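Grab a pencil and work through these short exercises with the model open beside you. Each one sets a task and then walks through a solution.

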Amino acid sequence: MNQGIQYNQWPPYVKVATALSSKNFFSSRVYKFPIVLGWILLVAGVAESVYNFAFNKSYSYELLYSLGYIVIGGLSLWTGLASKWIATHSSWEERFENRSSSLNKTIYIVLTILALGLLVGRFFT
């Protein structure tokens, strides 16, 4: 267990990314998978955007679909990097001893709703 930086000194992106984490709910101690998945989705989204723009000359839903990959990949990468930051600079126990602010929880919920909306739009429209 790393007894490093105190929670009140953590970077804001780490606090937001772990806003709803608890010992029993959404505590991701594995950070390599979300980082790899995030990069894959980011690259796929950018490649699909370039393809649609270059060959389809389309500005419609195809670009919105690729934006879904980019946003979800970015959020996955962000979550993985936040978990990696905790593993290298502090500890999950430090996180669980402190409550997240309402602002951090709200930002996390809004980003989750955005990602879910793009996911639903990608696969169910």
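Before we start, one cut-off: a residue is buried under 20% relative accessible area, exposed over 50%, and partly exposed in between. Keep in mind that the model is predicted.

**Exercise 1. Place valine 120 in its helix and decide whether it is buried, partly exposed or exposed.**

Step 1: Find the element. Valine 120 sits in helix H5.

Step 2: Take the value. Its relative accessible area is 45%.

Step 3: Apply the cut-off. Since 45% falls between 20% and 50%, valine 120 is partly exposed.

Step 4: Look around it. Val120 joins Leu116, Leu119, Phe123 and Phe124 in a nonpolar surface patch of about 530 Å².

**Exercise 2. Describe the chain as a whole: which elements does it have, and how much of it is buried?**

Step 1: Count the elements. You'll find five helices and zero strands, so reading from the N terminus gives α-α-α-α-α.

Step 2: Check the burial. The chain has 125 residues, and 34% of them count as buried.

Step 3: Turn to the outside. The accessible surface comes to about 7,900 Å², with 68% of that belonging to carbon and sulfur atoms.

Step 4: Ask how far apart the contacting residues are in sequence. Among contacts with a separation of 6 or more, 85% are between residues 24 or more positions apart.

**Exercise 3. Compare the span of helix H5 with the expected one, then do the same for helix H2.**

Step 1: Start with H5, residues 102-124. Its 23 residues reach 32 Å from first C-alpha to last, close to the expected 33 Å.

Step 2: Move to H2, residues 32-56. Here 25 residues reach 35 Å, close to the expected 36 Å.

Step 3: List what is tucked away. In H5, the buried residues are Asn104, Tyr108, Ala115, Leu118 and Gly121. In H2, they include Pro34, Gly38, Leu41, Leu42 and Gly45.

Step 4: Keep the helix geometry in mind. An α-helix has 3.6 residues a turn, so residues three or four places apart point the same way.

**Exercise 4. Asparagine 104 and lysine 105 both belong to H5. Work out which is buried and which is partly exposed.**

Step 1: Asparagine 104 has a relative accessible area of 12%, so it is buried.

Step 2: Lysine 105 comes in at 26%, so it is partly exposed.

Step 3: Find the partners, leaving out residues up to four places away in sequence. Asparagine 104 contacts Tyr7, Lys15, Val16 and Ala19. Lysine 105 touches Ala19, Leu20, Arg99 and Ser100.

Step 4: Try one distance. Lysine 105 and lysine 15 are 90 residues apart in sequence, yet their C-alpha atoms are 9.0 Å apart in space.

**Exercise 5. Find out where serine 90 lies and what its side chain makes a polar contact with.**

Step 1: Locate it. Serine 90 is in the loop between helix H3 (61-89) and helix H4 (92-96).

Step 2: Classify it. With 4% relative accessibility, serine 90 counts as buried.

Step 3: Follow the side chain. Serine 90 makes a polar contact with the side chain of tryptophan 10, at 3.4 Å.

**Exercise 6. Give the C-alpha separation of leucine 67 and leucine 118.**

Step 1: Leucine 67 belongs to helix H3 and is partly exposed at 38%.

Step 2: Leucine 118 is one of the buried residues of H5.

Step 3: The two are 51 residues apart along the chain, and their C-alpha atoms are separated by 8.0 Å.

Methods. Residues are numbered from 1 along each chain as its sequence is written. This is a predicted model: local features need pLDDT of at least 70, side-chain atom pairs count only at pLDDT 80 or more; totals for chains, interfaces and linings use all residues. Side-chain values use heavy atoms; hydrogens and water are left out. Helices (H or I, at least four residues) and strands (E, at least two) are DSSP runs, numbered from the N terminus. The expected span of a helix is 1.5 Å times one less than its number of residues. Buried means under 20% relative accessible area, exposed over 50%, partly exposed in between (1.4 Å probe, protein chains only). Contact means heavy atoms within 4.5 Å. Patches are made of residues with over 30% relative accessible area and no salt bridge: like charges are joined within 9 Å, nonpolar side chains (Val, Leu, Ile, Met, Phe, Trp, Tyr) within 5 Å. Accessible areas come from the Shrake-Rupley method with a 1.4 Å probe; for residues, only the protein chains shown count as cover. A salt bridge is a side-chain nitrogen of Lys or Arg within 4 Å of a carboxyl oxygen of Asp or Glu. A polar contact is a pair of N or O atoms within 3.5 Å; within protein, one must be able to donate a hydrogen and the other to accept it, and residues adjacent in sequence count only if both atoms are side-chain atoms.
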